[in-house]
Structure formats: C-alpha cells, structure tokens
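Biologist: I have just opened this one and would like a guided tour. Could you walk me through it?

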Amino acid sequence: MSQLKPILSHLDPIIPSSTGKFKSAPYAFHRVRFHPRLTLWSFLLLFFVLLLFFCSPPAASPAGKRRSLHTLSPNWEIKARNSAKGGGLTVLVTGAAGFVGTHVAMALKKRGDGVVGLDNFNSYYETGLKKARKSLLERQGVFIIEGDINDGSLLAKLFEIVHFSHVMHLAAQAGVRYAMQNPNSYIHSNIKGFVSLLEACKNANPQPSIVWASSSSVYGLNSKVPFSEKDRTDQPASLYAATKKAGEEIAHTYNHIYGLSITGLRFFTVYGPWGRPDMAYYFFTKDILRGKEIKIFQGAARDFTYIDDVVKGCLAALDTAKKSTGSSSGGAKRGAAQLRIYNLGNTSPVPVGKLVSILEKLLEVKARKKVLQMPRNGDVLFTHANVSLARKEIGYNPTVDLETGLARFVKWYVSYYASKKKTV
Ligand SMILES: O=C(O)[C@H]1O[C@H](OP(=O)(O)OP(=O)(O)OC[C@H]2O[C@@H](n3ccc(=O)[nH]c3=O)[C@H](O)[C@@H]2O)[C@H](O)[C@@H](O)[C@@H]1O
C-alpha cells in the first residue's frame, strides 16, 4: 500500500479525537468562577434572569425538546411513508446512523425492502460520521428520523403511520469501557429505551417481529470456550454487559406476556468500513498513523467479526422471524410467540497483538506499542463464539477473516478521512 503514504501523511489534522473526552454536562459546573468585581448591575441582571426562569412554565429536558414531534421537519410523515415502501418486509431500523444500523438498513433497501431509520445522533462519538452515514442512506432512499427510542409519543405516531412488519433494534449505548465514565447513559438507552420500544411494539397493530442487538459481553467472566448460547450469562464484567443481559430478560418478559416475537443476536466485536471510532481497531489505526503510542492489553483476544457477515446474520434473523401473536388491545397474546438468541461471531479469536501487526502491515507504519496488564475497566480477556445454533437455524456462515476485513476497513478509513480533508 505504498500509494497510501502521500494520502496518509496529510490525514493527521482531520483525524477525530478519541471518545475519552465525553463527559456529561453536570461536570462542567466545577469550572464556574465568580469574578471578584461582580457589579450591582450584574446582580440585578442575575436576579431578573432567575425571576424569568422561575416564573416560566416547566420546560422539557434538553433531550425531550430535541426529540419532540414538533421539532421534526413538517413533512417527516410523508418521508417516512415513502421510505417504508418496498416489495418485501417493512422494517424500522433503530440506530440507523450507527455502524451496524447503516449497513443493515442499506442491505435491506438494496434487496427491495421498505426501511425507515430512527437515530438520536448523540455525541458519544463524532456526529460528523453519523451524518455522513445518514447521507449515504439518503442516497439509497432511506429516511432517518432524528428521534430517541425513549420518546413514546414519537414511536406511537410512527407505528400509526407505518405498519412495520419488523423492527431491527440496534440503537444502544455501546462500548464496554465508557460505562465506567457515564453509567446512566447505558440505563437510559439499553434499559429504559428498550422498554419504551417494546411498549410501542406491544401496542402497535399489527405487532412487529423484533430482532435486536445483544452482545458477546453477556458471557462475562465465563472461561469455558467457545461460548455457546446454553452457557451461563450471570457474571457480567461491565455495566454495559449487565444492561445487555437485562435486555435479554426484558425480552423474555415481553415475549411471555404480550406474544412479541423476539430474536436477540449476540454480536462479537463487529468491525469494518464505517465503523465505530471508540473501538480498538479504529482508534489504533488513527493513533498508529499519528505516531501516538497505543496500549495493548496483555493476553486479550477477540473473535473479531466482519460487518458483512453480521449483516447477513441480521437479515437471516429477520427473514426467519415468526409473527408476533399479541393483539393491539393491550397486547394480550393469542398463543406462544417465538423467542430466540443467537451468537453472531467469527469462530476464530485473534490476539490484540496480532490485530496490531496486521494494521502495521496494511498501513506500512510501525506502531508505538505499550503492552499492559489488562486494567479493571470492564473488559474480558477472551471471546470465542460457537455459532452452530445460528448456522443450523438461520444459515449463518461467517466467511471473512481478519486480514481481509481489516484491509477493507483501512481502504475505507483512508478514503473517508482524505475526502473529509478536501471538504474542510
Ligand atoms: O463483542 C461485543 O459484544 C462488544 O464488542 C466491542 O467490545 P470489545 O470486544 O471490548 O471491543 P474493543 O473495545 O474494540 O476492544 C477490542 C480488544 O482490544 C483490547 N484493547 C482495547 C483498548 C485498548 O486501548 N487496548 C486494548 O488492548 C480490548 O481489551 C479487547 O480485547 C464493542 O465495543 C461492544 O460495543 C460490543 O458489544
């Protein structure tokens, strides 16, 4: 890839910063300083501002305001209806501006299904990347509504105007280590948000079938490998894993009471073009190119799974999902509904050190490596999927090895940031 070198040398200034800087708003308060020469006028001004604040009606929370139906573009309903037109399934993809969401939405649209996206465009990582994915989908005719899965009235309206046959639920607070910095964001999206979505599905008429993203992290501290769906999942190592495990139990309840057909997919470290900047393969690429030191956790290995394989697994899960059995009036079920869980992994774990040497080869740059003991940050040492159940029941068959997948990722990374630079 020596032809990459001229491009790579120009990338540094536009390569995004990493996610460690994200902090929730309240922490900003410690920066407030009272100036010693605060004048009487300043106090009066402050008094009037406070008066106005306390006399005004209660305002919506910033998130609620952003999500309100009134703040959506006036013709959003028409756009959603048009986007939902297609010859096959009619799918709501939550988290459609996310990594897996974008790829799944695109694949569904390409094969002729109707697709509507929903995403809250939060700033967990660079929103520019999410907007770029949105533009990509728009060019394919997929409309993404900017809204939150916690917004019950938006969901109710959406299910009223489009009769979704399926929901592909990929909106979530992702990332294992970030859960130590911002635990509440995991509760907000992965638990509250999931319940809000299931409530809307339960009340919808017809009820859609649901396929959603769980995680390999539910296997937690298990040491028996490869991980099989029958193995225990009651010792999560991170809050992220705990919320995904909670999601699986919540799914069980909604299936049991309301007859919702639900399939959970345990993804194993999904990577590829249009990926997530908070993941190691992505920020290692960025840091290697900048000459910044990278930390390799000793003994860590992952069953890295290429995005195209995961997309095929998602589509297979949608295609084999049976109908929900609940009614619209309160959702009481007419019979038992389908409830499934599958591992979607690659079945061949690779040490993180090996991932780095593949990247070094592809980028033609030597990494500045520091090997550390794995910190207590929620990470587990090792993942390895047994996919025989998914293979047998939905025909899942991963085919892309890490060298091939990373080569495709690096190609995308270089061209994406090079073209961004041109537009700056
Ligand atoms: O399989 C999954 O379900 C999960 O996969 C990833 O989590 P993780 O496997 O931890 O992926 P990365 O954060 O990209 O880490 C990959 C490997 O690199 C290691 N690592 C990470 C960061 C670092 O600085 N150094 C380092 O060696 C980690 O310990 C891990 O072994 C995703 O971030 C989760 O959202 C997802 O649910």
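**A helix to start from**

Modeller: A good place to begin is α5, which is mostly covered, with 10 of its 12 residues buried. Please keep in mind throughout that this is a predicted model.

Biologist: Which residues of α5 are buried?

Modeller: They are F99, V100, G101, T102, H103, V104, A105, M106, L108 and K109.

Biologist: And how far does α5 reach from its first C-alpha to its last?

Modeller: The helix reaches 17 Å, which is close to the 16 Å expected for its 12 residues at 1.5 Å a residue. After α5 comes G112, which has a positive phi near 105 degrees.

Biologist: OK, next helix. Which residues of α6 are buried?

Modeller: In α6, which spans residues 127–139, the buried residues are L129, K130, R133, K134 and L137. Seen down the axis of the helix, the buried residues of α6 fall within an arc of 145 degrees, so they line one face.

Biologist: Why would residues at such spacings point the same way?

Modeller: An α-helix has 3.6 residues a turn, so residues three or four places apart point the same way.

Biologist: What sits on the other side of α6, and what covers the buried residues?

Modeller: On the other side, G128, S135 and R139 are exposed, while the cover over the buried residues of α6 includes α5, β2 (114–119) and β3 (143–146). The helix has 13 residues and reaches 18 Å from its first C-alpha to its last, close to the 18 Å expected. Just after α6, G141 takes a positive phi of about 90 degrees.

Biologist: Those are glycines. Which residue other than glycine has a positive phi near 50 degrees?

Modeller: That is F121, which lies in the loop between β2 and α6. T347 also has a positive phi, of about 75 degrees, although it is not a glycine, and its place is in the loop between β11 and β12 (350–351).

Biologist: How many other C-beta atoms lie within 10 Å of each of those two?

Modeller: F121 has 16 other C-beta atoms within 10 Å and is therefore partly exposed, and T347, with 16 as well, is also partly exposed.

Biologist: Switching topic: where are the cis peptide bonds you can point me to?

Modeller: One joins N205 and P206, with omega about 10 degrees, and another joins V225 and P226, with omega about -5 degrees. P206 lies in the loop between α8 (183–203) and β5 (209–215), whereas P226 is found in the loop between β5 and α9 (239–258). As background, most residues other than glycine have a negative phi, and most peptide bonds are trans.

Biologist: Now the ligand. How many residues surround it, and which are the closest?

Modeller: There are 18 residues around the ligand, and the closest are S215, M279, A280, F297 and A300. They divide into 10 nonpolar, 5 polar and 3 charged residues.

Biologist: Which element gives the largest share of that shell?

Modeller: That is strand β8 (residues 294–297), which contributes 3 residues.

Biologist: Let me ask about A337. Where is it, and is it buried or exposed?

Modeller: A337 sits in the loop between α11 (307–320) and β11 (339–344), and A337 counts as buried because it has 22 C-beta neighbours inside 10 Å. Leaving out residues up to four places away in sequence, A337 touches N255, G259, L260, S261, S324 and T325. The C-alpha atoms of A337 and L381, which are 44 residues apart along the chain, are separated by 36 Å.

Biologist: Zooming out, how many helices and strands are there, and what share of the residues is buried?

Modeller: The secondary structure comes to 14 helices and 13 strands, and of the 424 residues of the protein, 44% count as buried. Among contacts between residues at least 6 apart in sequence, 83% join residues at least 24 apart.

Biologist: Last one: what does UniProt place at residues 91–322?

Modeller: The UniProt entry, which is unreviewed, places the feature "domain: NAD-dependent epimerase/dehydratase" there. In the model, residues 91–322 are 44% helix and 18% strand, and the end C-alpha atoms of the span lie 14 Å apart.

Technical notes. Residues numbered from 1 in each chain as written. Predicted model: local features only at pLDDT ≥ 70, side-chain atom pairs only at ≥ 80, totals over all residues. Near = placed C-beta within 6 Å. Helix = DSSP H or I, 4+ residues; strand = E, 2+ residues; numbered from the N terminus. Nonpolar A, V, L, I, M, F, W, Y, C, P; charged D, E, K, R; others polar. UniProt positions renumbered as here; feature names shortened; annotations may be inferred. Expected span 1.5 Å × (residues − 1). Buried ≥ 20, exposed ≤ 12 C-beta atoms within 10 Å, placed from the backbone. Arc of directions from axis to C-beta. Contact = placed C-beta atoms within 7 Å.
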